[in-house]
Amino acid sequence: MAAPGWEAAARRAAAGAALGALVALAGCGDAAEASGAPRASSDAAASAGAGAGGQGGGASGASGASGASGAPVETILAELRADRDAALLAHAARTGWPVPVDGGYLFVSTSASLRLLAGDHDGWAGAEMTSDAGFHWILLNVPAGDRYKFTDRTAWAADPWSRAATYDEFGEMSLVAPSEAHVDRHFGVGDAAMEARTVRVWVPAAAVDRVLYVHDGQNLFDPAGPAGGWHLQDHAPPGVLLVGIDSTPARLDEYTHVADRIEDGGALVGGKGDAYADFLRDTVRPFIRARYGEPGPVGIMGSSLGGLISFHAAERHRGEYAFAASLSGTMGWGSIGADVRHETMIARYAAHTERAATLYLDSGGSGACVDDDGDGIEDDDPTAADNYCENLQLWGVLTRARSPYVEGESVFYAWHAGAEHDEAAWAARVAEPLRIFEAL
């Protein structure tokens, strides 16, 4: 039975996933910055070239205004008038917003009040957009790499449908066909078994030489995320393509390999981890390969339940991942409920005779690690925190005699005493697993 406090963390993560799912597919609302206009960029007129992937592209180069979508502007506008949200999603998938068309780019705002488009191209002065049926639009020929936002000259908001984005002191900034490092967003990625979600891709300026898939994508790059987010792009080694897969309200089910009980008298929950691991292999990874390539070593990483599912996916699909990293992983899942005795990741990896991947695991917290209920998991200290005892126990079985894992070579462990179970704590130490992945 796990120590108290785990349930609160699970509820917080589920609530964040639900909010992220709603925001990801919403049009631009009126939640906007009031901190003033961004400063003009010194390289606003830089042309696209080799390097980071651009408007819907991979790492081979950014596309400019000449890469028209093939659909006339009037056709796109007619689609928006008929079914605005469906048209937004369809063109987001096809080319990304703003849509490249003959004569420039078509920008669309669905905010009732933010009717001006401002950016590096006009010194952030703002141009009036044409009002239409539930949206505003403008066709402008702007340079590749242009930064822009929607505004009423008091409030400022990034384009929630833009393919590419970056972040500065004012928050999220939308980009047009960038050639510098940036985040690409792909909305509505799903399949018959898994709910559609946003996939966020950190595209480095350097040539991509390895790919790391990371769970809870909505928490990774945006400094406005929970506890300030991970700031994962700030720690990314050159050449690492980071693929963040958003979680959904079904996070607890998708990120667990077996069912468990987290509240006394409550129902069993979880256990759809096989389907999620297969979704990564059969849907997300082919999607990424088709758009960016998938060179070099491939890894998988997550925190809390995301760490658990990372180890599960590496074990379920052996040979698919060279590296699996878990920060504060919920490794006692399967034996949290007092009457539940399902397989934990500790028991699974203790049985290994061959390596599944190079492994990294850590935790914060502390505690006296005891097994008072005899379920084989040392998780019964009520003062223990951040899955400290479960990860310490897993580390013990991975480094025991005759284990296929070798300390400092194929398995790495870190304890950050007293660290909290949140994004700020993970951001503070994520550079270490990234360094290990870079060295593979």
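Contact here means heavy atoms within 4.5 Å. The model is predicted. The chain holds 11 helices and 18 strands. Of its 440 residues, 56% count as buried. Ile 288 is a good entry point: leaving aside neighbours within four places in sequence, Ile 288 is in contact with Val 199, Val 201, Tyr 213, Leu 241, Val 243 and Gly 293.

**Whole chain**

- The exposed surface of the chain comes to about 16,000 Å². Carbon and sulfur atoms supply 53% of that area.
- Take the contacts between residues at least 6 apart in sequence: 70% of them join residues at least 24 apart.

**Nonpolar cores**

- The largest nonpolar core has 50 residues. Val 243, Ile 288 and Tyr 349 touch the most other members.
- Helix H6 gives this core its largest share, 8 residues.
- Another core, of 24 residues, lies apart from the largest one. Val 183, Leu 220, Leu 232 and Tyr 360 are among its members.

**Helix H6**

- H6 covers residues 273-292 and bends by about 35° at Leu 280.
- Leu 280, where the helix bends, is itself one of the buried residues of H6.
- The buried set also includes aromatic side chains, among them Tyr 276, Phe 279, Phe 287 and Tyr 292. Asp 278 and Arg 285 are buried as well.
- An α-helix has 3.6 residues a turn, so residues three or four places apart point the same way.
- Gly 293 comes just after H6 and takes a positive phi of about 85°. Gly 293 is also one of the contacts of Ile 288.

**Strand E7 and its partners**

- Strand E7 spans residues 147-151, and 5 of the 5 are buried, so E7 is largely enclosed by the rest of the structure.
- In a regular strand the side chains alternate between the two faces of the sheet.
- Both faces of E7 are covered. Arg 147, Lys 149 and Thr 151 are buried on one side, Tyr 148 and Phe 150 on the other.
- E7 pairs with strand E3 (residues 116-119) in the antiparallel sense, over 4 bridges. Leu 116 has Thr 151 as its bridge partner in E7.
- Strand E10 (residues 171-175) also pairs with E7 in the antiparallel sense, over 2 bridges. Here Tyr 148 stands opposite Ser 174.
- Strand E8 (residues 156-157) runs antiparallel to E7 and is joined to it by 2 bridges. Phe 150 has Ala 157 as its bridge partner in E8.
- E7 and E8 form a hairpin, with 4 residues between the strands. Arg 153 in the turn has a positive phi of about 75°.

**An open sheet of four strands**

- An open sheet is formed by 4 strands in the order E1-E2-E6-E5, with antiparallel pairing.
- Its edge strands are E1 (99-101) and E5 (130-131), each pairing on one side only.
- E5 is joined to E6 (residues 136-140) by 2 bridges. Thr 130 stands opposite Trp 137 in E6.

**Strand E17**

- All of E17 is covered: 6 of the 6 residues are buried, so the strand is largely enclosed by the rest of the structure.
- One side carries Thr 358, Tyr 360 and Asp 362, the other Leu 359, Leu 361 and Ser 363. Both faces are covered.
- E17 pairs with strand E16 (residues 323-327) in the parallel sense, over 5 bridges. Ala 325 stands opposite Tyr 360.
- Tyr 360 also belongs to the core of 24 residues.

**Disulfide**

- The count comes to 1 disulfide. Cys 369 and Cys 389 form it, with their sulfur atoms 2.2 Å apart.
- Cys 369 sits in the loop between strand E17 (358-363) and helix H9 (388-398), while Cys 389 sits in H9. The two cysteines are 20 residues apart, and the pair links distant parts of the chain.
- Why is the disulfide left-handed? The torsion about the S-S bond of Cys 369 and Cys 389 is about -85°, so the disulfide is left-handed.
- Cys 369 counts as partly exposed, because its relative accessibility is 24% and buried means under 20%.
- Cys 389 is buried, with a relative accessible area of 1%.

Definitions and conventions
Residues numbered from 1 in each chain as written. Predicted model: local features only at pLDDT ≥ 70, side-chain atom pairs only at ≥ 80, totals over all residues. Heavy atoms only, no water. Disulfide = S-S within 2.5 Å. Buried < 20%, exposed > 50% of the residue type's maximum accessible area, 1.4 Å probe, protein only. Bend = angle between axes of the 7 residues up to and from the residue. Pairing = 2+ DSSP bridges. Areas by Shrake-Rupley, 256 points an atom, 1.4 Å probe, with all protein chains shown as cover. Core = buried A, V, L, I, M, F, W, Y, C linked by side-chain atoms within 4.5 Å.
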